[in-house]
Protein chains: 4
Amino acid sequence: MIRVGIIGATGYAGGELVRILLNHKDAKIVWYGSRSYIDKKYYQVYQNMFQLVEDICKDDNLEELAKQVDVIFTATPQGFLAGLLTEEILSQVKIVDLSADYRIKDVATYEKWYGIEHKSPQFIEEAVYGLCEINRDKITEKTRLVANPGCYTTCSILTAYPMVKEGMIDVNTLIVDAKSGTSGAGRGAKVPNLFCEVNENMKAYGVASHRHTPEIEEQLGYAGNCQVTINFTPHLVPMNRGILATEYATLKRKPDGTLPTYEEVKAVYDKYYANEKFVRVLDKGSCPETKWVEGSNYVDINFVIDERTGRIIMMGALDNLVKGAAGQAVQNMNLLFGLPESEGLELVPCFP
Amino acid sequence: MIRVGIIGATGYAGGELVRILLNHKDAKIVWYGSRSYIDKKYYQVYQNMFQLVEDICKDDNLEELAKQVDVIFTATPQGFLAGLLTEEILSQVKIVDLSADYRIKDVATYEKWYGIEHKSPQFIEEAVYGLCEINRDKITEKTRLVANPGCYTTCSILTAYPMVKEGMIDVNTLIVDAKSGTSGAGRGAKVPNLFCEVNENMKAYGVASHRHTPEIEEQLGYAGNCQVTINFTPHLVPMNRGILATEYATLKRKPDGTLPTYEEVKAVYDKYYANEKFVRVLDKGSCPETKWVEGSNYVDINFVIDERTGRIIMMGALDNLVKGAAGQAVQNMNLLFGLPESEGLELVPCFP
Amino acid sequence: MIRVGIIGATGYAGGELVRILLNHKDAKIVWYGSRSYIDKKYYQVYQNMFQLVEDICKDDNLEELAKQVDVIFTATPQGFLAGLLTEEILSQVKIVDLSADYRIKDVATYEKWYGIEHKSPQFIEEAVYGLCEINRDKITEKTRLVANPGCYTTCSILTAYPMVKEGMIDVNTLIVDAKSGTSGAGRGAKVPNLFCEVNENMKAYGVASHRHTPEIEEQLGYAGNCQVTINFTPHLVPMNRGILATEYATLKRKPDGTLPTYEEVKAVYDKYYANEKFVRVLDKGSCPETKWVEGSNYVDINFVIDERTGRIIMMGALDNLVKGAAGQAVQNMNLLFGLPESEGLELVPCFP
Amino acid sequence: MIRVGIIGATGYAGGELVRILLNHKDAKIVWYGSRSYIDKKYYQVYQNMFQLVEDICKDDNLEELAKQVDVIFTATPQGFLAGLLTEEILSQVKIVDLSADYRIKDVATYEKWYGIEHKSPQFIEEAVYGLCEINRDKITEKTRLVANPGCYTTCSILTAYPMVKEGMIDVNTLIVDAKSGTSGAGRGAKVPNLFCEVNENMKAYGVASHRHTPEIEEQLGYAGNCQVTINFTPHLVPMNRGILATEYATLKRKPDGTLPTYEEVKAVYDKYYANEKFVRVLDKGSCPETKWVEGSNYVDINFVIDERTGRIIMMGALDNLVKGAAGQAVQNMNLLFGLPESEGLELVPCFP
């Protein structure tokens, strides 16, 4: 039985880790870390856990925790883990970090977009970017530190990945227009996240400046083996869960000047995803809907080729708290411990 | 492996049966019945099931179905099963009926409130009212026909049951003010159920005339061993899932003229529910919230004693599609086949 | 032109006052008071007011304000106005107080339910309870201080008033089960009011202890000329605006032992409301819906007589920010200045 | 007093026409046309109109109606008006058509995208495209037929118009990613529009094939005096009202190779909109939110220049039923009768 510690267990991603791990047959949470609710029963913070979790919330003591568990999930603000991580800790425990601290390989890029100094850049190289479908072979029992991808980035990257990898699109025409449910904004008590401010409303935010942009660019750059600069625009939608990414790019034409056909593009997607349990490329003509993946670890993807403009419109949908956070973190944990990748993640999407 | 057939598999309750049974280790759905979508892939109706269910929808052939499966769930309109059920069918297969056809023992009451003739009253006596927590001992491997309780009724009855059973309240003062999410209205294409009609709106409906009234009255009458006549008022709430019942009744005073204390009432609730997995009586001061049980088979219950008015306010919350329909149906199936009652129902509530 | 000052202009009720008064032809807001946003442009707090309001937010200086305006609306926390009000202020300006400070005539009751000391009880007697339909003749150009009723109370009282006034019901059987949209919880940044906590959720709160209880009891007591003790249970509903009150009471039987008929009860409602512009008693069989009054100053009311239980179920719906707060406040202002009562309030409900 | 007839008065756009015209001091609705509800009281269809509208719904008799009114609004399905319009009718009455029948000048384009034959192409040339801010001088007391723009198109065009008109962007890089509330889908009883299907969900639809595409292209083509081919992707959002368009285009560089500055672009927007009452270009850094324009005739617009990609991201928000339909139709009516353009449209956005 894998002993699990969670730091940030009372945020939405932390709560989702608990929901998923309670049904994981090889893992057991032994430390519910929550600086805000120390000594409070966990179920008093999340009453859905009444009679399911009897533990109390503990302080964020990373050193102590490292001695007691096999893996730590940090669902914490940016900079938290980077400020505390040491070689000694990493020598004792595996860490799956749900923050952005070790996602971006270039420290300067991290510091520019996040506006904070990185306190432990020495671990960045070691950290594996935990997008399982792409980096699976790098996430092994020897891996110590996994940088769990962001919610928007998971969706944005997986939706476009095969096309970039196979050089089917002009990557610098890529525009990602993404829409997210409000749980992505976290559980902080802020006026813009109040029910009455979000409900019956929609807006873009972080236009041309959202921090997930360089993460998408870096990963797609690896895929395409080139420099990638994109537009990424997130939007806030009045729903709890779900991210939908609508992505636009100019298709590269074939030598005869024609566009690739539906079948040719589909074959590219199938090449990468036909055997992926958690990526579902939908039937022709079906557009992904966030509700169809709610509560599950799936990413639903599809595309339309527009003959008029020569562009491909790619669409991806996932549950930002599952495949976009806690589900993927558990998927990474499974890989780290040599378990079946889908253990604990056989979650059937909940509709309606 | 129990072979399962569902008639009405493309309604919301039917869809929820599929969601739950896909993770049930002793049952397998072999017949997805849906008159409206015959020959269509099931996942094309509920795209969340893409790559999870490959079956096509079949016609509602009860006789044929009875030969192929061990248990049939009928998630069908009132009168459907009553119009088709025969001794021959019942001799071949167990049936869990999610409609109201066999819930009410008095045919005249059924016919009056439902406005239709009952076509097979000869099976009413045999049918067991499948409120597992109360009738568990009557639902055995010998049982052939279970009348799965209504969503409002399950919530309304369980919330007040211990108080009625122990004679703590004047049952004829009982008022049930219930609020339901919109999935309770079904998947029929009707203007009042359109998003724009329901969203940002709230209303009572079926005032003094809702069909779940006699069902609640009958069951509470059995509990209290008396005639019960109540007010039951359902309301439509702009959310997908969840029922909240707020119930009011005058407490019987003790011989010394005082009201029972919190501890005395709590002891009564504990007597019936302390060992019930799916009924959670909350800590003092916590009010049930529908979100805390969403996606799970729990009923959350609590109460407040109002010294000023001498009344008790009882509150119960459940997910209308789970404990209020499909979950309870599976709970009944488990009892019918001698399985652990919670098999397939270890569903952790999903928040947010 | 009436010069208006608002203290608490950046709360939801304050914002609604601005929305309504901008289209009031005899009033002009000259002071946007908001302690939290001093010196900020009002439209930067409520961007809907961009290009409509150029004023900046000012501090809450009641004394100074009293010299500059004809009427002050205080949309402030309980205790604020009571702590500042003086005879000198009242000699200079009229005040419509949207808080509870002067609603309850008995200081002890106020202090018990609100848990704070009342700092200026000397003005309580003078204050008129501004439920216009009932106290219209007391709200005149001589009135200096109006206690604007609470949102729940306006709905709860108006729904039952004719029945209580005419002695048609046993008032001590009255149970008010009320449901409110989330704007009633205000704009404070609190976790329970976050989108993800409220959306897809429903709960009761303040059970047997909500502060609007004594206010309802006092006013219905005046109407019935008797002591009234009721159960009042508020619920939080995932919508922005709207209150629905479902009220239950035992009908008094006629000398012949029969219940009053629909027509007899309707006549009682018509006696009080047939000429009231803002109270609409619906056609037989129609249940009030909050959406049908959204954005307007209407209260929609109807009732059903349940022959089985001898009870009447009364239902009322209003927009908590309009008739439940700002709209009624403007209605009071109109009376205070001898204007047509509906000036500025010809708001057509907005659907969908 | 302008006598108004509405055909399609019981759809959502028709209902909004009624809401707006009830407060229009120079117009009076004398014909509530609704084929589906003939002889039913209008308020029984839209109960918000109880005591406000006593009229009954009448059949869609265009010829008869033409004799009785000064202006007809047709809020009807595509092809309806085209199938009935005659010179005789147009010689008697002005028509503001809210359908697409006369929006597109090229019949072939209309027939291709709408898939129906145009029955009266002879009136297309005469029809004025009623985007008031752009075609104001063509909508005069002599105009007989106005093609009221679509909801998506109004938002999409106005957001990009100044940039296209002044040649600031490469129009063929224009991508419009639009999101709409559900009232845009109309009041038809269809499963995909049910509350439980839309709520907590988001999807794209009509990808690369939505009918508003050629309308946007045609109008922007006139503005830029060139052929325009764009990507337009609509999305369904779980809210009642509101459209948000996020638009991407490559900025043309200045002769020195630099991008235009914020101030330069702002000056271009101001050139066209500084004096437009209903177009609000927000302060730098503010992103339009649909809630800030709800219930009003405003379009809120802003933009961000992305130095990294050389693109401009333009954003526009409007209420699809007001500026996107009924409000703009009334704005057109005002122009047709020489009234102040904003008569009846001084609607303050409603928040929250």
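Visitor: What turn lays chain D on chain A?
Guide: In this predicted model, a turn of 180° with a shift of 0.0 Å along the axis lays chain D on chain A at an RMSD of 0.0 Å, superposed by least squares on the C-alpha atoms of residues with pLDDT of at least 70 in both. That is the relation of a two-fold axis.

Visitor: Which C-alpha of chain D is nearest the axis?
Guide: That of D:Pro238, 3.3 Å from the axis.

Visitor: And why do the copies meet through the same surface?
Guide: Because 100% of the interface residues of chain D are also interface residues in chain A.

Visitor: OK, switching to the fold. How many helices and strands has chain A?
Guide: Chain A has 12 helices and 14 strands, taken as DSSP runs (H or I, at least four residues, for helices; E, at least two, for strands).

Visitor: How much of chain A is buried?
Guide: Of its 352 residues, 67% count as buried, meaning under 20% relative accessible area with a 1.4 Å probe, protein chains only.

Visitor: What are the spans of its C-alpha trace?
Guide: About 65 × 45 × 40 Å along the principal axes of chain A.

Visitor: Last one, how far apart are the mean positions of the charges in chain A?
Guide: They are 1 Å apart, for 37 positive and 46 negative charges. Lys and Arg count as positive, Asp and Glu as negative, with His and the chain ends not counted; the places used are NZ of Lys, CZ of Arg, CG of Asp or CD of Glu.

Visitor: What about the numbering and letters?
Guide: Residues are numbered from 1 along each chain as its sequence is written, and chains are lettered from A and ligands numbered from 1 in the order in which they are written. Local features need pLDDT of at least 70, side-chain atom pairs count only at pLDDT 80 or more, and totals for chains, interfaces and linings use all residues, while side-chain values use heavy atoms, leaving out hydrogens and water.

Key: Contact = heavy atoms within 4.5 Å. Buried < 20%, exposed > 50% of the residue type's maximum accessible area, 1.4 Å probe, protein only.
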